[in-house]
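The following exercises concern the sequence and the structure displayed below. Please attempt each task before reading its worked solution.

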Amino acid sequence: MLAGAVAESFLLMKYELSNQPYSAFLNSVAAADPYSLYNSFMGSDPRGGITRSGSSGSFTYSVRSNMGDKPVNFVTWYDAARVANWLMNGATSSSSTETGAYTFVGGQTSGFAPARNGNATFYLPTDNQWYKAAYYKGGGTNAGYWDYATQSDTAPTAVTSGSTGIGSAGSTGNFANYARAADWNGLDGNLTTVGTNGGPSAYGAFDMSGNGFEWNDLDGLAGVPRTVRGGSWEAGEFYLSSLSQLAFNPDFGDSIYALTFRLARPVAPSAIPEIAPAGLGSVLALVTGALGLVERKKRRRRKVRSRTPKPSLSAA
């Protein structure tokens, strides 16, 4: 499969979406939660980051201790797509999760993923967009691709973690959270604070190798499956590399503690979500990022092997 060619510039979240903004999303739209945007494992699994209180119609959501700046997990492709819809529609309690970037009919939470709508202002990146943002060397239209999203052809060193889940590498160097090396909260490996696990890709995006496998939108057309890339805190080094691509049904992930996402949007709109590593503030207070990714030529694309060997992607 060929990967990495994109036809237009776009913007991408600098960090994986964390529990703090996802909790704000839930508090805005999921008082009754008819679309199962909250998964009980978020509150019961030790690697989950959000708890729920109350009864249907008055549910409220809170971030668990030390988990606000960790990537949200136990999310399906549909959950991520509904966040995109909500943001596109204004990110308020009256903003629809059912139309916008994607049109869901009858509260769809399984089956064929709908195509991305042409007017989408927030959306899941396509597989090519994600690949470009992660591995492209930048600086020209034929620069080529790194093997890892840390601007390196050498496998990154696995980070360790302090007692609150902050990665040991900070925001520089050829490091990543993988191979169950970041032990904290009494666990053999865990998600760590976004942006603290080594240096970014050439375009400035952090944790595109490791921390959490990330959903993307494949080619943006209707159908199944949807793909994930990037490896995770529990995966081996192969899954962090540009050679790894995995495909799943879009409703997969609601029992998986290693799946997360980040969103993209066109260059033309003036703002792009950039979640602060500290995870503070509401989704409505997101600041502007500047990841404009440009690559119009179709030369120098890379052939990518997919789906072998399989990672554990363990269920809770």
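## Two packed helices

Helices α1 and α3 are roughly perpendicular to each other, a class that covers angles of 65 to 115 degrees. This is a predicted model, in which local features need pLDDT of at least 70 and side-chain atom pairs count only at pLDDT 80 or more, while totals for chains, interfaces and linings use all residues. Residues are numbered from 1 along each chain as its sequence is written, and side-chain values use heavy atoms, with hydrogens and water left out.

**Exercise 1.** Justify the description of α1 and α3 as roughly perpendicular.

*Solution.*
- Step 1. Two packed helices are described by the angle between their axes and the distance between the axes.
- Step 2. Axes are lines fitted to C-alpha atoms, for helices over the stretch in contact, and angles run from 0 to 180 degrees between N-to-C directions.
- Step 3. For α1 and α3 the angle is about 70°, and the axes lie 11 Å apart. Because 65 to 115 degrees counts as roughly perpendicular, the description of this pair follows.
- Step 4. On the α1 side, Y22, F25, S28 and V29 make the contact; on the α3 side, D79, R82, V83 and W86 do so. Contact means heavy atoms within 4.5 Å.

Helices here are DSSP runs of H or I with at least four residues, strands are runs of E with at least two, and both are numbered from the N terminus.

**Exercise 2.** Determine which residues of α1 are buried and what covers them.

*Solution.*
- Step 1. Buried means under 20% relative accessible area, exposed over 50%, and partly exposed in between, with a 1.4 Å probe and protein chains only.
- Step 2. In α1, the buried residues are N19, P21, Y22, S23, F25, L26 and S28.
- Step 3. Their cover includes α2, β3 (50-53), β4 (60-63) and α3.

**Exercise 3.** Describe the largest nonpolar core and the place of L124 in it.

*Solution.*
- Step 1. A nonpolar core is a set of buried Ala, Val, Leu, Ile, Met, Phe, Trp, Tyr and Cys residues joined through side-chain atoms within 4.5 Å.
- Step 2. The largest such core has 63 residues, of which Y22, L26, W77, Y102, L124 and F261 touch the most other members.
- Step 3. At least two core residues come from each of β2 (10-12), α1 (19-29), α3 (77-88), α4 (127-135), β7 (213-215) and β9 (246-248). The largest share, 8 residues, is that of α3.
- Step 4. Beyond its neighbours within four places in sequence, L124 has contacts that include W77, Y102, W215 and F261.

**Exercise 4.** Is G43 buried or partly exposed, and is T126 buried or exposed?

*Solution.*
- Step 1. G43 belongs to helix α2. Its relative accessible area is 25%, so G43 is partly exposed.
- Step 2. Not counting residues up to four places away in sequence, G43 touches Y38, I50, T51 and R64.
- Step 3. T126 lies in the loop between α3 and α4. T126 is buried because its relative accessible area is 12%.
- Step 4. Leaving aside neighbours within four places in sequence, T126 is in contact with R116, N216, D217, L218, D219 and G220.
- Step 5. In α4 itself, 8 of the 9 residues are buried, among them W130 and Y135.

Terms used:
Parallel < 35°, antiparallel > 145°, perpendicular 65-115°, else oblique.
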